[in-house]
Amino acid sequence: MMNALAGNPLRKHLNASLSAPTLRQWATAGKAQFDEREAEERRFSMRQNLLALGMLFAGTVNTITCKYTFQRISLGHNFTHPFVMTTFMFAGEALCIVWYYLSTNALWRPDSRAARDAARVPKLNFALPAMCDILATSMMYVGLALTTASTYQMLRGTVIVFTGAISAVFLRRRQWGFHWVGMCLVFSGVCTVGVAAATGAASPVAKDPWLGSVLTAFAQLFTASQMCLEEKFCHGYGTPALLAVGWEGMG
């Protein structure tokens with residue numbers, strides 16, 4: 001029996017294929033694939049870090065410029081028109097859909113992938129998120145006009161608490177222990193900032209820091225609802241981000 005196996009041509013072929021040079025080639029190829037995968041993960045992590053820093057920088061600049069706008073004098077009065085600013089923001093979002101069609105040639109090529117993606121988008125699904133966005137943005141601009149930019153920026157962090165709670169209740173997303181610990185820390189920090197703003201310790205020149213802080217924090221409830229509604233009704237269609245923003249602006 002052993003002699004028969006030893007003389008088996010298939011066994012001889014396997015022994016020859018598993019020689020030391022072949023094993024080294026396999027090991028080299030596997031290491032190269034692992035190195036490439038690890039490099040791709042590092043590039044992805046770097047992109048995430050850059051996006052986070054970019055959002056932090058852009059959000060800060062947006063807050064400062066909006067507060068600067070509210071402090072400008074026009075015809076002898078401060079330019080405190082939060083609803084006008086909200087309207088212009090949504091007008092800018094609506095222009096994204098125009099740029100999408102122009103940049104992808106979807107208007108002149110009905111059979112293109114961009115045109116098919118645009119046709120597949122459930123337009124009415126963006127109406128509810130748009131309504132939440134209108135309410136949230138308007139309330140936040142009113143709050144920004146009444147309180148300081150620093151308090152406004154800090155209180156916007158309450159969106160983490162609202163989003164975690166709403167996603168756990170309505171989307172059935174499981175929140176792990178470290179999620180709840182993080183949300184509790186954010187809530188504690190927000191309470192500290194809110195109390196300081198309400199007492200005037202951090203914002204002695206604000207018009208109405210208490211009302212501004214309440215409106216800013218309460219607006220995050222609508223922002224969190226917007227995010228959860230987008231995930232509930234708009235997720236899974238493969239909608240390009242520029243097209244989604246454009247349809248939300250149209251809504």
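**A walk through a helical protein**

The protein has eleven helices and two strands; helices here are DSSP runs of H or I with at least four residues, strands are runs of E with at least two, and both are numbered from the N terminus. This is a predicted model, in which local features need pLDDT of at least 70 and side-chain atom pairs count only at pLDDT 80 or more, while totals for chains, interfaces and linings use all residues. Residues are numbered from 1 along each chain as its sequence is written, and side-chain values use heavy atoms, with hydrogens and water left out.

Let's start with the overall layout. Read from the N terminus, the elements follow the order α-α-α-β-β-α-α-α-α-α-α-α-α. Of the 251 residues, 30% are buried; buried means under 20% relative accessible area, exposed means over 50%, and partly exposed is in between, using a 1.4 Å probe and protein chains only. The accessible surface is about 16,300 Å², and carbon and sulfur atoms account for 69% of it; these areas come from the Shrake-Rupley method with a 1.4 Å probe, and for residues only the protein chains shown count as cover. Among contacts (heavy atoms within 4.5 Å) between residues at least 6 apart in sequence, 77% join residues at least 24 apart.

Now follow helix α10, which covers residues 209–233. With 25 residues at 1.5 Å each, α10 should span 36 Å, and its end C-alpha atoms are indeed 36 Å apart; the expected span is 1.5 Å times one less than the number of residues. Its buried residues include P209, G212, T216, A219, T223 and Q226. In general, an α-helix has 3.6 residues a turn, so residues three or four places apart point the same way.

C228 is another of the buried residues of α10, with a relative accessibility of 7%. Does C228 have a partner, or is it too far from one for a bond? The closest cysteine sulfur, in C132, is 9.7 Å from the sulfur of C228, so the two are too far apart for a bond. In fact, the whole structure has zero disulfides, a disulfide being a pair of cysteine sulfur atoms within 2.5 Å.

Staying on α10, we come to E231. The whole structure holds one salt bridge, a term for a side-chain nitrogen of Lys or Arg within 4 Å of a carboxyl oxygen of Asp or Glu. The side chains of E231 and R173 form it, at 2.2 Å from N to O. This pair ties together distant parts of the chain, since E231 sits in α10 and R173 in the loop between α8 (159–170) and α9 (177–199), 58 residues apart. Both are partly exposed: E231 at 30% and R173 at 44%.

Other helices have their own stories. T137, in helix α6 (residues 127–146), is buried at 5% relative accessible area. Leaving aside residues up to four places away in sequence, T137 touches T86 and M89. R120 belongs to helix α5 (residues 113–120) and is partly exposed at 44%. With the same sequence neighbours set aside, R120 touches Y237 and G238. The C-alpha atoms of R120 and G238 are 8.9 Å apart, although 118 residues separate them along the chain.

Finally, turn to the surface. L95, V98, W99, L102 and L242 make a nonpolar patch of about 490 Å². Patches take residues with over 30% relative accessible area and no salt bridge, joining like charges within 9 Å and nonpolar side chains (Val, Leu, Ile, Met, Phe, Trp, Tyr) within 5 Å. Helix α4 (residues 82–104) gives the most to this patch, with four residues. W99 is found in α4 and counts as exposed at 55% relative accessibility.
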